[in-house]
Amino acid sequence: MFRLEPRASAPLLWQVATPVMAVIATMITGGLLFAALGFDPVASIRTIFWDPLFGPASGYSRPQLLVKAGPLILIASGLALGFRAGIWNIGAEGQYIIGAICGAAVALAAYPHEAFWIFPAMIVAGAVGGWAWGMIPALLRNWFGASEILVSLMLVYVAQKIAAWMAFGPMKNPEGFNFPGSRNLQQYPAASNPELIANTGLHWGGIAALVALVVTWFVMSRHILGFRIRTAGAAPRAARFAGVRPERLVALCLGLSGALAGLAGLFEVAGPAGQITESFGSGYGFTAIIVAFLGRLHPLGILLAGLLMALTYIGGELAQMMLNLPASTVQVFQGMLLFFLLGFDILTRYRIRRRA
Amino acid sequence: MSDVFRAEGLGKTYPGVRANDDISFSVGAGEIHALLGENGAGKSTLVKMIYGLVRPDEGHMQLSGTPHAPADPRAARASGVAMVFQHFSLFDALTVAENIALGMENPPPRAELSRRIAELSQAYGLPLNPARRIASLSAGERQRVEILRCLLQNPRLLIMDEPTSVLTPQEAEILFATLRQLAAAGTAILYISHKLEEIRTHCDRATILRHGKVVGTVDPRAHSARELAAMMVGAEMKLVDRSGRKPGDVVLDVKALSTPAATEGVTLKNISLTLRTGEILGIGGVAGNGQDELLAALSGEITTPHGTVTLSSADLSALGPDPRRAAGLLSAPEDRLGHAAVPQFSLTENTLLTAGGRQDIVKRGLIDHNAARAFAESIIKAFDVRTPGPGTAAGALSGGNLQKFVIGREVLGGPKVLVVNQPTWGVDAGAAAAIRQALLDLAAKGAGVIVISQDLDELLELSDRFCALNEGRLSPPRPTEGLTIDEIGLMLGGAHGMEVGHVPA
């Protein structure tokens, strides 16, 4: 038999190796799953992981990589700050939706005015909207001790209802022949978030994601705030002793991750999505949780994990079109990734020994 | 005197450590036999082998002439070995009788059990009401429950692991009277401690361990405490130097400090004290009487109403830990792992917990990692912290070395006032002497020092004045000069609850 022996510290090798092992295990299990469903496993895996980048249709799918990875990375880099501190914002999806609604509100209020300040004002509104939605669980935790996990998660469903209400009510396009949904911001130059370089998929959200990565890397490694965040996560009593006020950290982390999620929503509504619809939330906020953990809460890891997750989105769609794989393939893959990552994580904290 | 227990050539190796090496000794019937050694000398490994928690790699044991090789603690108990652990394993919400029944293989009916508990507790002078809830018992009474639990098994060998660390001196006296009575009835007692005076007064023989080996078995009454310590440490102990201290002006003034009632922990009640420059104030008391809370109220983890904490005429009461450190009030909490230091972080990173501002490591929020490493290295050098380097995780250091690092971090911060809680708890004798000397040197240079400790010898050795902390209240200070252990015991609330109670039959 085998037994697990705790390690004194988590070796860097295993910290890097386990996400890779999780990806490989996901591919193998996914292949077996497809084989059981009667599909060719090798072709399926190739369609999901290879074809979007190098396949015959990659000219279309490659730009999509940045379109999908941008919001994932932007949201995940904010979530990672809180996760490091042991503050669990599970409701980034809701903050993403509210950020999009607030940003779109600015644009729709200004319509059809053309001015340079409109897009910056939308950015501010998106960030503030996400921040405010994130502050609700923060304040409830600080004042009443409510679990931020439950509150932030449940606020997602509130946000989804608000999005539906907006699409059917206040934000409905007056020239939209009574279809639900707001005006399309892509057709409103002052408010649109266009592709910056043709055929790359890069829009302002991608730039913001890169800035967020660099800033969070700097804060976590060089700034005392990052040290306090890590201390609060590793040893809460030591953090208090060092002068950290837990309430402030809760407000900061939930507010900041909410603001970044709100930004991601704003860039999405002004860019690829174009309008507020009943089903504006597309799951980026939840997938970003996987991205943050798969990336080991480290900026570089989050960059790679964000690209990989974006790949599963695109590859999943491609597999639906090309091979008629079920639509739930993507969720199954993303779920398996997190599952295997958490499973393999045992190897970073324990070593396996043969029982004598 | 026939041998109840005998060990021959016991050895145990853990990865990288030879915990026990060729250990042979014996405990006779009716003998109180001390097992003496520093932390890490191999005492607990040895005891775990006797109690069946760990199996020896080589050697063998005998119990009353028959081979003793227990597969687990249950087998050890069945063959007549009982053990009272340092940390109690009792359920607060249950009564004494219920707790004892839980630990038995085949508990008799409750009434019968209560009767036997009452009989035994009368017979051995351990007053205890079987119907009382554990939550309402003092530490000394809880220990009695553990002892009674052992006595109900009629053990041939009773192992006691540092039993007096949670007791006041008067409670300890009662314990020793019980042990004497047990020994007189023929029970062999293996007594683990590093309190030398206690062993010299009460034990018949002492086996001294160092680095996993038996140094020798001696009659503790024939040796001085210094000689025993020298055998334990393997070198002459350095005497601490108390000279060169002159109390000056009042530097810290605590007035009517109270903390609001909390759901857990002790509330501080109307605590007042003054501390002068160059003075060491000792605060004694059994753990759990408000020590953690007092340190937190001084470090700034708990803030209190205006005018309660004043440092050199600056009111710090409402300020958090950072501004208090900036003002010169530094502190070192008891719990090294997770409070005074973050176990997963390197020593370099651990300097940032408290020294960021005072050592110019953090400027305008930016961390100077080189300065942090340099400061960690200077602590390692000045306090002889044994570690591969400043990049080592704090959790990988031994207790004594990490404690030297934690105390060193604050001492090198150049405090006006330093507050330490249990500065040498669980620290080997050599490191403890170094830490005490550092505190004395700091006071000699003009800082005020508050030492909160359970170790009365330590407090008498270090402090100029002594107060006792009991249930959140601080006694008026007394000069240490001329104070006896008995008087201190009474200050600590000493004999409260120690009279022989009425035990319903």
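A salt bridge is a side-chain nitrogen of Lys or Arg within 4 Å of a carboxyl oxygen of Asp or Glu. By that rule, this predicted model holds 28 salt bridges over all chains. The close-up views below visit some of them, along with a few other spots.

**View 1. Glu317(A) and Lys68(A) meet in a salt bridge within chain A.**
The closest approach here, N to O, is 3.9 Å. Look at where the two partners sit: Glu317(A) belongs to helix H13 (residues 299-323) of chain A, while Lys68(A) belongs to helix H4 (residues 58-84) of chain A. The pair links distant parts of the chain, 249 residues apart. Glu317(A) is partly exposed, at 36% relative accessibility, whereas Lys68(A) counts as buried at 15%.

**View 2. Lys12(B) pairs with Asp57(B) in chain B.**
The closest N and O atoms of this salt bridge are 3.5 Å apart. Lys12(B) lies in strand E1 (residues 3-14) of chain B, and Asp57(B) lies in the loop between helix H1 (43-50) and strand E4 (58-63) of chain B, so the pair ties together parts that are 45 residues apart in sequence. Is Lys12(B) buried or exposed? Its relative accessibility is 12%, so Lys12(B) counts as buried. Asp57(B) is partly exposed, with a relative accessible area of 40%.

**View 3. Arg180(B) and Asp204(B) form another salt bridge of chain B.**
Here the N to O distance is 3.5 Å. Arg180(B) comes from helix H6 (residues 169-184) of chain B, and Asp204(B) from the loop between helix H7 (196-202) and strand E9 (205-210) of chain B. These partners are 24 residues apart. Arg180(B), at 34% relative accessible area, is partly exposed, and Asp204(B) also counts as partly exposed, at 23%.

**View 4. Chain B and chain A meet at an interface.**
Between them the two chains bury about 2,000 Å², with 59% of it on carbon and sulfur atoms. Chain B brings 29 residues to the contact and chain A brings 18 residues. How many salt bridges are there between chain B and chain A? The count is three. One salt bridge to find is that of Arg237(A) with Asp335(B), where the closest N and O atoms are 3.5 Å apart. Across this interface there are also nine residue pairs in polar contact. On the side of chain B that touches chain A, the elements giving two or more residues are H9, helix H10 (321-327), strand E16 (329-332), helix H11 (347-355) and strand E18 (366-367) of chain B. The largest share, four residues, comes from H11(B).

**View 5. Arg228(A), Asp322(B) and Arg325(B) are linked in a network of salt bridges.**
Side chains of opposite charge can pair when their charged atoms come close. In this network, one residue belongs to chain A, Arg228(A), and its partners Asp322(B) and Arg325(B) belong to chain B.

**View 6. Four strands of chain B form an open sheet.**
Follow the order E12-E11-E14-E15 (chain B), where the pairing is antiparallel. Strand E12 (271-276) and strand E15 (314-315) of chain B are the edge strands, each pairing on one side only. Strand E14 (residues 309-311) of chain B joins E15(B) over two bridges, and Leu311(B) stands opposite Ala314(B) in E15(B). Helix H9 (residues 291-299) of chain B packs on the sheet, touching strand E11 (250-257), E12 and E14 of chain B. The direction of H9(B) makes about 120° with that of E11(B).

**View 7. Strand E7 (residues 157-161) of chain B is largely enclosed by the rest of the structure.**
Why is E7(B) described as largely enclosed? Five of its five residues are buried, so the rest of the structure largely encloses E7(B). Leu157(B), Ile159(B) and Asp161(B) point one way from the strand, and Leu158(B) and Met160(B) the other way. E7(B) pairs in the parallel sense with strand E6 (residues 81-84) of chain B over four bridges, and with strand E8 (residues 188-193) of chain B over five bridges. Ala82(B) stands opposite Leu158(B), while Ile159(B) stands opposite Leu190(B) in E8(B).

**View 8. Ser463(B) is buried in a loop of chain B.**
Ser463(B) is found between helix H15 (456-462) and strand E21 (465-470) of chain B, and its relative accessible area is 1%. Beyond its sequence neighbours up to four places away, Ser463(B) touches Arg242(B), Ile280(B), Leu281(B), Gly282(B) and Thr480(B). Its side chain reaches the backbone oxygen of Leu459(B) at 2.4 Å.

Conventions. Residues are numbered from 1 along each chain as its sequence is written. Chains are lettered from A and ligands numbered from 1 in the order in which they are written. This is a predicted model: local features need pLDDT of at least 70, side-chain atom pairs count only at pLDDT 80 or more; totals for chains, interfaces and linings use all residues. Side-chain values use heavy atoms; hydrogens and water are left out. Two strands pair if DSSP finds at least two bridges between them. Contact means heavy atoms within 4.5 Å. Axes are lines fitted to C-alpha atoms, for helices over the stretch in contact, and angles run from 0 to 180 degrees between N-to-C directions. Buried means under 20% relative accessible area, exposed over 50%, partly exposed in between (1.4 Å probe, protein chains only). A polar contact is a pair of N or O atoms within 3.5 Å; within protein, one must be able to donate a hydrogen and the other to accept it, and residues adjacent in sequence count only if both atoms are side-chain atoms. Buried area is the accessible area (1.4 Å probe) that two parts lose on being put together, summed over both.
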